[in-house]
Structures are given as C-alpha cells and as structure tokens.
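Visitor: I should like a close look at one part of this model, namely its salt bridges. Please set them in the context of the whole chain.

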Amino acid sequence: MTEVLDALVIGAGQAGLSASHHLKRLGIDHVVLDADAGPGGAWQHRWDSLTMLDVHGVADLPDAPAPGGSADRANVVIPSWFAEYEQHQRLPVVRPVQVDAVRNDPDDPALLRISSADRVWRSRTLVNATGTWSRPFIPRYPGQASFAGEQWHTADYPGREHLAGRRVVVVGGGASAIQFLGELAPVADTIWVTRRPPVWRTEGFSPEAGLDAVTAVAERVTQGLPPASVVSVTGLALRPQEAEAARLGAYERRPMFERIEPDGIRWADGRFEEVDVILWATGFRPAVAHLAPLHLRSPRGGISLEMPAHGGPQAATTAALDARVQLVGYGPSASTIGGNRAGRAAATAVRRYLRGARDESAGLIA
C-alpha cells in the first residue's frame, strides 16, 4: 500500500514554494509535484525580451528577498532564484511529474489519490498551485482558421525581433497587451483592439486600492464564479518604457473586430485592415482540469472558496465543497504577492484540517 502523506502540493511556482515552506515550518509531511523539468514555474517559459525591469513586481519568498530590477532576462533570473530557494530550504520537490487526476481514494474515501502516468500518491490534504500558464485562452472568431498570417499567444510570444517590420494586431485589454504594444510599436505597425474600452488608472496604486481590488476578485470566487483578473479591477497604467509607444499612438484602442479574413480583420461596419500577425494577449484560465473528479465546481462555473474570518481575502484558499483541498494562486491570490501570502494561509488551513480529522478519529475510538 502506498505511503499516506499529510499533504501534497501540485506546482512549484511562487505559491507552491511558499506553501511548501510553511508546511515544512509547521512540521507537516508533504511532497511537491512539479510538471516542469527544472525550477522556475511559469517564469522559465516567458519571452526572452522580458527583463526584470519589465515585470510587474515579484514578491519576496518567505525568508528570501526577491531579485531586484535589472536588464537581465526574467526567464533566467527568477528560475535561478527559485532553484536556489528549493535547495537552501530543502523543499521536497519531485519533477517532472504531470498530475493527471485527483480523486477520492477507492480504498479509503477520506484520502485523496493523486495520479500521474506511472505513479500514485495518497494524501490527507492537497494544496493546488498549478497557476494558469499551461491553459492559454484564445477566443474564437469567424474565419480564424483561414488567416494566412501568423497567430501567437502570450504563452508563445516570439519576441520583438521576429515581429519587427510587420503589421501586428494586438488583441486584449490587460497588462500583457500594454507591454507588447510598448515593445512593438517602435519597430512594427500596431493596431490595438479590445472587447471593452480600457480603464486607465490615473492615480498611484496605494495599498488600500490593492486591497479593494483583491477583495473584489475574492468576492467572485466565494460566490462560485470563475475568477477575474486583478488588473480588470485595478485598471491599466503606462510605465516609462512605454512612453515612446504612447507617442506613436499605439494605445489608441479600437473596438473588437467581427471576423478574420485570410489577409486581415474586418469590423461589423465593413471596415477592413490588412495585418500580418494576430497577437492574442487574451489571458489564461486556471489549470484545474485534474481536479474534475472531485466535483469542486459550483453551478456558476468556478471553484468556490471559503472567505476566512481572519487573514484577508488572499487567505481565501479552502475549497468550499471539500475542506481537504486548498487552492493557491487562484482568484484573489493569483499574483506573486498574493500567492506568497496564500501559501501561508493554505498551510495553516491544512494543519487545522489535520487536527480536526485526528480529533474526530480519536473521538470515534474513545
């Protein structure tokens, strides 16, 4: 019979490493399963032109300050930092392991059975930290398959040099779209389209504003709705490195086109623009398909999380339909600082669940 762990973490990004640190600190036996061949989480897959000056802030890991801003590539700096952290903290990371499914254990339904292609783990609790990078979202539009040019998503963005001199339509109203336009407008002919008019932030981003934004996202997931992005609440802002793109008019947004044709895009009023490339900066969806056997989704389409009495909205990690399961980097904790804080909240919730289960077991024996 397979050993029974007290906890198992899926994913070794910022949230997963934080959760593992706090589980270890609390003396909770666990392993961390990571799908990648090496440390770095989603950061190792980001485009080469993204530097540490471009990233929108990286939070400290517990007992480890984050690397500062520099012209160095983020997909090198942060994986190196994660690798050093795993080693220094002696975190029990096992890789590469692609988790296929999590379900109730057939021999003991109180336990969770976590399976990959060739191995099985059994655990009393689960901390899911799989993030979103492996589930890029591209909306569907008529004629999309007929487009003769190139189509890219944020997840496979080929870089500024590849797109230089092209006519590129950037689709999406989030921070990535702003970043791509800032990088491409000086070297390419860009068009920006979004479904809704962008909301620009005209004031500084205070801690109070940040808390309000995270609370708004938390309210969605506690209601069982699919999580929204934090930037959809906070609004957009330009950085100094995007000033040249702004001067060139790159941020003069157009409404969403109606259809895609072989050599361009067409709007509902008949207007047509010839384009070489469609860059879908349309975000990601939570990578939680492996949790489907647990039936955690609400009728409203999302996994509902319990709002804790203490700790703030980023401490909302416990699945409302199954207290054995914690989700970090999901909803209100889907940011580096949020995932970091959620790691501690999840570890605390795991300890609380284990104590409750042991007290209940002792009561039955008595």
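Visitor: To begin with one acidic partner, what does Glu 261 count as, buried or exposed?

Guide: Glu 261 counts as buried, its relative accessibility being 17%; buried stands for under 20% relative accessible area, exposed for over 50%, and partly exposed for the range in between, with a 1.4 Å probe and protein chains only. The structure is a predicted model, in which local features need pLDDT of at least 70 and side-chain atom pairs count only at pLDDT 80 or more, whereas totals for chains, interfaces and linings use all residues. Residues are numbered from 1 along each chain as its sequence is written, and side-chain values use heavy atoms, with hydrogens and water left out.

The partner of Glu 261 is Arg 266, and the two side chains form a salt bridge with an N to O distance of 2.5 Å. A salt bridge here requires a side-chain nitrogen of Lys or Arg within 4 Å of a carboxyl oxygen of Asp or Glu. Arg 266, at 27% relative accessibility, is partly exposed.

By this rule the count comes to 15 salt bridges. In another of these, Arg 167 meets Glu 273 at 2.7 Å, N to O. Arg 167 belongs to strand β10 (residues 167–171) and Glu 273 to strand β15 (residues 272–274), so their pairing ties together parts 106 residues apart in sequence. Strands are DSSP runs of E with at least two residues, and helices are runs of H or I with at least four, both numbered from the N terminus. Arg 167 is partly exposed at 22% relative accessibility, while Glu 273 is buried at 17%. Both residues also belong to a network of salt bridges that links Arg 167, Asp 189, Arg 254 and Glu 273.

A further pair is Asp 322 with Arg 324, whose closest N and O atoms are 2.7 Å apart; both of these residues are buried.

As to the setting, 48% of the 366 residues of the chain count as buried. Among contacts (heavy atoms within 4.5 Å) between residues at least 6 apart in sequence, 64% join residues at least 24 apart. The chain comprises 8 helices and 17 strands. Its radius of gyration, taken over C-alpha atoms, is 22 Å, close to the 21 Å of the globule rule for 366 residues, so the chain is as compact as a globular protein of that length; the rule is 2.2 Å times the number of residues to the power 0.38.
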